[in-house]
Amino acid sequence: MNAGETVRSVEQVQALASAVTLVRRHFPAATPNLRPWRDDAQTRQWSEPESIDLAFHFPGWSPRLQCRSLLIQLRLSSDDQERQAHLLGVLMRGMTYEGERWRLATVGDWQPAGSHLPQPDQVKQLREICQDLFELFPTDATNGTGP
């Protein structure tokens, strides 16, 4: 779901703002978008309330990342009794107008997969962003994080 529509507490707003700042620190030219999905029937059919989705658009083509935009999906698990959700995982996708070029998930070895992979130094930055995101959101004690 769009990040701009899913935050439910002050803590989540602060964590989301910190996430945007974190990504912009690595990619200062990127413009954040807290509503990357259209609000139409087809998109709502695929809605995942347990995720917070945000995007970052580059001013042009990023040859080092092999994309024009980053779509970041934060997978959350929350207890109705708790105010703050737990971050279970991060899925990053390098996107163009033609669709997904690559994806990096915080499962397994945290390596990107796809048709056009980012350069190794960029993979390192993406992995650092994922690690820092786990520090922004509280994690469940049973959730093992790290590459």
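In which strand is Ile 52 found? Ile 52 belongs to strand 2, and in this predicted model the residue has a relative accessible area of 4%, so Ile 52 counts as buried, the cut-off being under 20%. The C-alpha atom of Ile 52 lies 5.7 Å from that of Gln 73, although the two residues are 21 positions apart in sequence.

**Overall organisation**

The secondary structure of the protein chain consists of four helices and six strands, and the order of these elements, read from the N terminus, is α-α-β-α-β-β-β-β-β-α. Of the 147 residues in the protein chain, 40% are buried. Among the contacts in the protein chain with a separation of 6 or more, 54% join residues that are 24 or more positions apart.

**The nonpolar core**

The largest nonpolar core comprises 31 residues, and those with the most contacts inside it are Phe 27, Ile 72, Leu 74, Val 90 and Leu 133. At least two residues of this core come from each of helix 2 (10–26), strand 2 (51–62), strand 3 (67–77), strand 4 (86–96), strand 5 (99–105) and helix 4 (120–136).

**Helix 2 against helix 4**

Two of these contributors to the core, helix 2 and helix 4, also pack against each other, at an angle of about 160° and with their axes 10 Å apart. Because angles over 145 degrees are classed in this way, helix 2 is described as roughly antiparallel to helix 4. The crossing in which helix 2 passes helix 4 is right-handed. On the side of helix 2, the contact is formed by Ala 15, Ser 18, Ala 19, Leu 22, Val 23, Arg 25 and His 26, while helix 4 provides Gln 125, Glu 128, Ile 129, Asp 132, Leu 133 and Leu 136. Sorted by character, the residues of this contact are seven nonpolar, three polar and three charged. Leu 133 thus appears both in the contact between the helices and among the core residues with the most contacts.

**Loop residues**

Most residues other than glycine have a negative phi. Against that background, two loop residues of the model deserve separate mention: Gln 66 has a positive phi near 60°, and phi of Trp 110 is likewise positive and near 60°.

Gln 66 is placed in the loop between strand 2 and strand 3. Leaving out residues up to four places away in sequence, Gln 66 touches Trp 61, Thr 96, Arg 101, Trp 102, His 116 and Leu 117. Trp 110, for its part, sits in the loop between strand 5 and strand 6 (113–114), and its relative accessibility of 2% is the reason why Trp 110 counts as buried.

A further loop, the one between helix 2 and strand 1 (31–33), holds Ala 29. When neighbours within four places in sequence are set aside, Ala 29 is in contact with His 57 and Pro 59.

**Pairs separated along the chain**

The table gathers C-alpha separations for Ala 29, Gln 66 and Ile 52, each paired with a residue elsewhere in the chain.

| Pair | Separation along the chain | C-alpha to C-alpha distance |
|---|---|---|
| Ala 29 and Phe 58 | 29 residues | 6.3 Å |
| Gln 66 and Gln 119 | 53 residues | 8.1 Å |
| Ile 52 and Gln 73 | 21 residues | 5.7 Å |

Methods
Residues are numbered from 1 along each chain as its sequence is written. This is a predicted model: local features need pLDDT of at least 70, side-chain atom pairs count only at pLDDT 80 or more; totals for chains, interfaces and linings use all residues. Side-chain values use heavy atoms; hydrogens and water are left out. A nonpolar core is a set of buried Ala, Val, Leu, Ile, Met, Phe, Trp, Tyr and Cys residues joined through side-chain atoms within 4.5 Å. Buried means under 20% relative accessible area, exposed over 50%, partly exposed in between (1.4 Å probe, protein chains only). Axes are lines fitted to C-alpha atoms, for helices over the stretch in contact, and angles run from 0 to 180 degrees between N-to-C directions. Angles under 35 degrees count as roughly parallel, over 145 as roughly antiparallel, 65 to 115 as roughly perpendicular and the rest as oblique. A crossing is left-handed if the near helix is turned anticlockwise from the far one by less than a right angle, and right-handed if clockwise. Contact means heavy atoms within 4.5 Å. Ala, Val, Leu, Ile, Met, Phe, Trp, Tyr, Cys and Pro count as nonpolar, Asp, Glu, Lys and Arg as charged, and the others, Gly among them, as polar.
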